[in-house]
Amino acid sequence: DGGANIGLFAGLAELAFGAPTTVIAVEPLATNLALIEELRAANALGFEVQAAALHPGGADTVDLFVPETGIGAESIATLVDRFGPGGVFAGRPARKVPVRAMTLETSLAGGKPPYLIKLDIEGAEADVLAAAPALLARDDVDIVVEITINDPDKHRLFDLLRQAGFRAYLLTNAGLVREDRPLTIPPADRADRTLW
């Protein structure tokens with residue numbers, strides 16, 4: 001569960017798959033890590049937690065841009081400055097927070113294949129996956145990845161996975177829909193957010 005936020009998907013995976021499945025939540029921010037621990041304690045969950053940001057590699061620590069929301073869970077922290085001019089969150093206050101960095105392959109060291117990987121790492125998905133070609137070449141890996149309408153590299157991410165042999169599906173409230181392009185549908189009243 002890369003970009004685990006409060007650990008919801010990691011918790012659901014543990015409940016759905018149970019032992020002997022290893023569930024790993026990767027989350028860099030202290031506020032969210034505290035909420036993960038509350039979730040684990042309240043629900044007697046034992047999934048592993050790795051306090052780090054997924055990164056393509058070459059760094060022990062990285063700076064995350066974190067919005068100044070004041071609401072607890074920091075759900076749109078990102079390695080990419082999306083708060084500056086031209087960013088999707090332009091004009092919103094943000095701070096830099098240094099956090100531990102790890103590669104996707106390193107994060108999987110505690111688990112055994114087959115792998116189901118969920119990535120919601122606010123725009124760093126393509127870079128992190130591109131840095132893991134051996135993982136993408138495996139035939140026992142499935143990936144659920146966030147692609148939003150305002151991601152400037154959504155075609156790069158989609159094409160990277162398709163070229164590695166993955167089939168693509170849009171997750172909808174009606175189930176999985178097979179896709180041949182990174183289809184994202186904006187709500188009628190704005191063009192910068194994703195409906196699905």
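Which residues are linked with Asp127 in a network of salt bridges? I began my notebook with that question, and the network turned out to hold Asp127, Asp153 and Arg156. I note at the start that the model is predicted.

**Entry 1: the chain as a whole**

I looked up the general make-up before going further into details. The protein chain has six helices and nine strands. It is 196 residues long, and 41% of these count as buried. I then looked at contacts between residues with a separation of 6 or more, and found that 64% of them join residues 24 or more positions apart.

**Entry 2: salt bridges**

I found nine salt bridges in the structure. I went back to the network and looked up one pair in it, Asp127 and Arg156, whose closest N and O atoms are 2.8 Å apart. This pair links distant parts of the chain, since Asp127 belongs to helix α4 and Arg156 to helix α6, 29 residues apart. I checked the accessibility of both partners. Asp127 is partly exposed, at a relative accessible area of 34%, and Arg156 also counts as partly exposed, at 41%.

Next I took Glu37 and Arg40. Their side chains meet in a salt bridge with an N to O distance of 3.2 Å. How far apart are Glu37 and Arg40 in helix α2? They are three residues apart in that helix, which spans residues 30-43, so about one helical turn separates them. Glu37 has a relative accessible area of 36%, so I wrote it down as partly exposed.

A further salt bridge joins the side chains of Arg138 and Asp140, with 2.8 Å from N to O. I recorded Arg138 as partly exposed, with a relative accessible area of 35%. Asp140 has a value of 22% and is partly exposed; I had to check the cut-off here, because buried means under 20%.

**Entry 3: rings**

I looked for aromatic pairs and the count came to zero. I did find a charge over a ring: the charged end of Arg40 sits over the ring of Phe47, 5.7 Å from the ring centre. Arg40 therefore has two entries in this notebook, one for the ring of Phe47 and one for the salt bridge with Glu37.

**Entry 4: helix α6**

Which residues of helix α6 are buried? I listed Lys154, Leu157, Phe158 and Leu161, in a helix that runs over residues 154-163. Looking down the axis of α6, I saw that these buried residues fall within an arc of 95°, so they line one face of the helix. I then looked up what covers them. The cover includes two helices, α4 (125-130) and α5 (133-136), and the strands β7 (141-145), β8 (168-172) and β9 (175-179). After α6 comes Gly165, and its phi is positive, near 100°.

**Entry 5: strands β8 and β9**

I turned to β8, which is part of the cover over α6. Its side chains alternate along the strand. Ala168, Leu170 and Thr172 point to one face and are buried. Tyr169 and Leu171 point to the other face and are not buried. A hairpin of two residues joins β8 to β9, and the two strands pair in the antiparallel sense over five bridges. Across this pairing, Tyr169 stands opposite Arg178 in β9.

**Entry 6: an open sheet**

In what order do the three strands of the open sheet stand? I found the order β3-β5-β4, with mixed pairing. β3 and β4 (61-67) are at the edges with a single partner strand each, so one side of each has no neighbour in the sheet. I followed β4 to its partner β5 (residues 94-102): they pair in the antiparallel sense over seven bridges. Within this pair, Asp63 stands opposite Pro98 in β5.

**Entry 7: Ala51**

I ended with a single loop residue. Ala51 lies in the loop between β2 (48-50) and β3 (53-54). Is Ala51 buried or partly exposed? Its relative accessible area is 37%, so I noted Ala51 as partly exposed. Leaving out residues up to four places away in sequence, Ala51 touches Glu27, Pro28, Leu33 and Arg100. I also looked up Ala25, which is 26 residues from Ala51 along the chain; the C-alpha atoms of the two are separated by 8.4 Å.

Key
Residues numbered from 1 in each chain as written. Predicted model: local features only at pLDDT ≥ 70, side-chain atom pairs only at ≥ 80, totals over all residues. Heavy atoms only, no water. Helix = DSSP H or I, 4+ residues; strand = E, 2+ residues; numbered from the N terminus. Buried < 20%, exposed > 50% of the residue type's maximum accessible area, 1.4 Å probe, protein only. Contact = heavy atoms within 4.5 Å. Arc of directions from axis to C-beta. Salt bridge = Lys/Arg side-chain N within 4 Å of Asp/Glu carboxyl O. Phe/Tyr/Trp six-rings, centres within 6.5 Å; stacked < 30°, edge-to-face > 60°. Lys NZ or Arg CZ within 6 Å of the ring centre and 35° of its normal. Pairing = 2+ DSSP bridges.
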